[in-house]
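The following exercises ask the reader to work from coordinates to a structural description. Each task is followed by a solution in steps.

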Amino acid sequence: MKYIVIGGVAGGASAAARLRRIDEHAEIVMLERGKNVSFANCGLPYHIGGVIQNRSDLLVQSRENLCSTFDMDIRVRSEVIRVDPAEKTVTVRDLSDSREYQESYDKLLLSPGAEPVRPPIPGIDSDRITALRSLEDMDRIIEIIRSKQVKRAVVVGAGFIGIEIAENLRELDIETAVVEKMDQVLAPVDFEIAAQVHEHVAEHGVDLYLENGVCAFEPGDAGLTVQLEDGTRLPADMVILSIGVRPETWLAKEAGLEIGSTGGIQVNEYLQTSDPSIFAVGDAVEVAHIIGGKKTLIPLAWPANRQGRIVADTMTGRRKRSYRGSLGTSILKVFDLTVAAAGMNEKLLARHDISFRTVTVSRKDHAGYYPGAESLVLKLLFSPQGEILGAQGIGRSGVDKRIDLIAAAVKGGMNIWDLQDLEVAYAPPYNAAKDPVNIAGYAAENILEGMVSTVSYHEVDSLLQREDTEALDVRTPMEHRGGAIPGSLNISVDQLRSRLDELDRSKTYLVYCKVGHRGYLACRMLTQHGFQAVNLDGGYDLWLPVFRSRNGLISVVQAG
């Protein structure tokens, strides 16, 4: 049996190695267009910033090691330019000498990955503009920084890679601006989580230009001028494009393979294309989202590696293993903050007409009485029936553990009541007796069982415009003086029971505290005494960054 694998890195390399472990006698040919067959592309920004000092550390496996360990025929700088499913052949161009030749196959695996989006903006062909997708891209950026003596840079796009690049440029003391077409950074998280990132990157000297786009790059004697849609002109010695990626499907299209509605290669549950002898994995394929089963593109390393392993089992006939779908679990370091997400956010749930509720809890990453405890915010999205739909977290420590717990819970078919039942390891240096994930489950139950009604940050303004609604701050007077929602009445939760006669029973009270817990206690008290009360989800600390971001109180520049 002869297998050809097109593309290495995560999906292709994982599949090829698994093919050999299953079948010692198969002929395995891997064709890779680049110079490196297996490298850690997620580590590229950190080598630029000097955090990962040795370039060689990014090489997961060398061609020589893979060839000797797995007895494979690995050809780098070899671009497949044509697939002929009828003849079961591929046409290969050797990029070192432009020679073309054909190879036959019994079964073929496509792992071409995704390519950076490069829109037709005037001036985009400047040698000072590049993207970051490969080791060669990384080397080029480092060379531009060195040779052009870069002092100012513009990053176009505020996704995960864009923010990572911006952070690492700041590590080099390069003045950095990030331009983003959306009204927030990091599309996988909702605005109230992103607003905290806005504040944090601004504190670290990154200028954010939101709800803005680039309309031209103008070359000059000493660099570039980046012209934005609102007329702003940003000087730059270098521009890094991080607008996103699109699946690289031209080879599949020309071979007559089906392309899905998302633009990715269409595969069945066994990662088989419309041709039974051709399979596909990685960033180029569309997959089913674990939540709701909708087709989507999720260009992440874990899905690619997982797909590579299980597709090899199917290709060899060892066993047919289905790929259950992707959850999109992701995490990002933003200076000394961590941001993570799993499942769907509010925008995706609304787009797919999936009913949902939200709750946001703020707790310490470990026992508060043990030194070094840091706050983390955990947002849980769930259905009216208690199904877990997604989660987002932000904090300095412990965010990864909580998102991983919830991602595992979703894959295991657990619900919000099961979150309460998770028995998490506890000792003061590592956790509190009730983990934030447990607390999120309890808080979600309170909402579903009618123990409390909550409102989100975006509902505050409209509610307070009503004559029958008043904001009630149940924090201490000192906290209230330090900042409050405008027009709030302040009665601390400790005094509330004895001061109920000061409240108007004809009004609805929008109750809030620092993070939501005291607000919940106050709402329980008020409703049982016959008052109408709703609790502000996440409290004042969640509302405030949104208010600042929306009102230009941090260095976020919004078009118009």
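**Exercise 1. Strand pairing.** In this predicted model, determine in which sense strand 23 and strand 24 pair, and over how many bridges.

*Solution.* Step 1. Strands of a sheet pair through backbone hydrogen bonds, in either a parallel or an antiparallel arrangement. Step 2. Strand 24 covers residues 337-343, and its pairing with strand 23 is antiparallel, over 5 bridges. Step 3. One individual bridge can be located by its residues: Val334 has Leu337 in strand 24 as its bridge partner.

Next, place this pair in its sheet: what is the strand order? Step 4. The sheet is open, contains 5 strands in the order 23-24-27-26-25, and is paired in the antiparallel sense. Step 5. Strand 23 (330-334) and strand 25 (357-364) are at the edges; each has a single partner strand, so one side of each lacks a neighbour in the sheet. Step 6. From one strand to the next, the twist averages 15 degrees.

**Exercise 2. Aromatic geometry.** Classify the ring pairs formed by Trp543 with Tyr540 and with Phe547.

*Solution.* Step 1. Two quantities describe a pair of aromatic rings: the distance of the centres and the angle of the planes. Step 2. The search of the whole structure returns 3 aromatic pairs. Step 3. For Tyr540 and Trp543 the centres are 5.6 Å apart and the planes enclose 35 degrees, and the pair is tilted. Step 4. For Trp543 and Phe547 the corresponding values are 4.8 Å and 20 degrees. Planes under 30 degrees apart count as stacked, so the pair of Trp543 and Phe547 is stacked.

Step 5. The sequence positions are now considered. Tyr540 and Trp543 are 3 residues apart in helix 17 (residues 539-550), which means a separation of about one helical turn. Trp543 and Phe547 also lie in helix 17, 4 residues apart, about one turn of the helix. Step 6. Ring pairs join Tyr512, Tyr540, Trp543 and Phe547 into a cluster.

Step 7. Which of these residues are buried? Tyr540 and Trp543 both are. Trp543 counts as buried because its relative accessibility is 6%, whereas Phe547, at a relative accessible area of 31%, is partly exposed.

**Exercise 3. Charges over rings.** Identify which arginine lies over the face of Tyr540 and which over the face of Phe191.

*Solution.* Step 1. Arg475 lies over the face of Tyr540, 4.4 Å from the ring centre. Step 2. Arg550 lies over the face of Phe191, at 3.7 Å from the ring centre.

**Exercise 4. Backbone torsions.** Describe the phi values and the settings of Leu186 and Leu271.

*Solution.* Step 1. Most residues other than glycine have a negative phi. Step 2. Leu186 is not a glycine, yet its phi is positive, at about 55 degrees; for Leu271 phi is likewise positive, at about 65 degrees. Step 3. Leu186 belongs to the loop between strand 13 (175-179) and helix 6 (191-203). Leu271 occupies the loop between helix 7 (250-254) and strand 20 (278-280). Step 4. Leu186 is buried, with 0% relative accessibility, and Leu271 is buried at 1% relative accessible area.

**Exercise 5. Helix packing.** Characterise the packing of helix 1 against helix 8.

*Solution.* Step 1. The axes of helix 1 (residues 11-22) and helix 8 (residues 301-316) are 7 Å apart, and the packing angle is about 35 degrees. Step 2. The crossing is right-handed. Step 3. Residues of helix 1 that meet helix 8 include Gly11, Ser14 and Ala15; on helix 8, Ala304, Asn305 and Gly308 are among the contacting residues.

Technical notes: Residues are numbered from 1 along each chain as its sequence is written. This is a predicted model: local features need pLDDT of at least 70, side-chain atom pairs count only at pLDDT 80 or more; totals for chains, interfaces and linings use all residues. Side-chain values use heavy atoms; hydrogens and water are left out. Two strands pair if DSSP finds at least two bridges between them. Helices (H or I, at least four residues) and strands (E, at least two) are DSSP runs, numbered from the N terminus. Axes are lines fitted to C-alpha atoms, for helices over the stretch in contact, and angles run from 0 to 180 degrees between N-to-C directions. Rings of Phe, Tyr and Trp (its six-membered ring) pair if their centres lie within 6.5 Å; planes under 30 degrees apart count as stacked, over 60 as edge-to-face and the rest as tilted. Buried means under 20% relative accessible area, exposed over 50%, partly exposed in between (1.4 Å probe, protein chains only). A charge sits over a ring if NZ of Lys or CZ of Arg is within 6 Å of the ring centre and within 35 degrees of the ring normal. A crossing is left-handed if the near helix is turned anticlockwise from the far one by less than a right angle, and right-handed if clockwise. Contact means heavy atoms within 4.5 Å.
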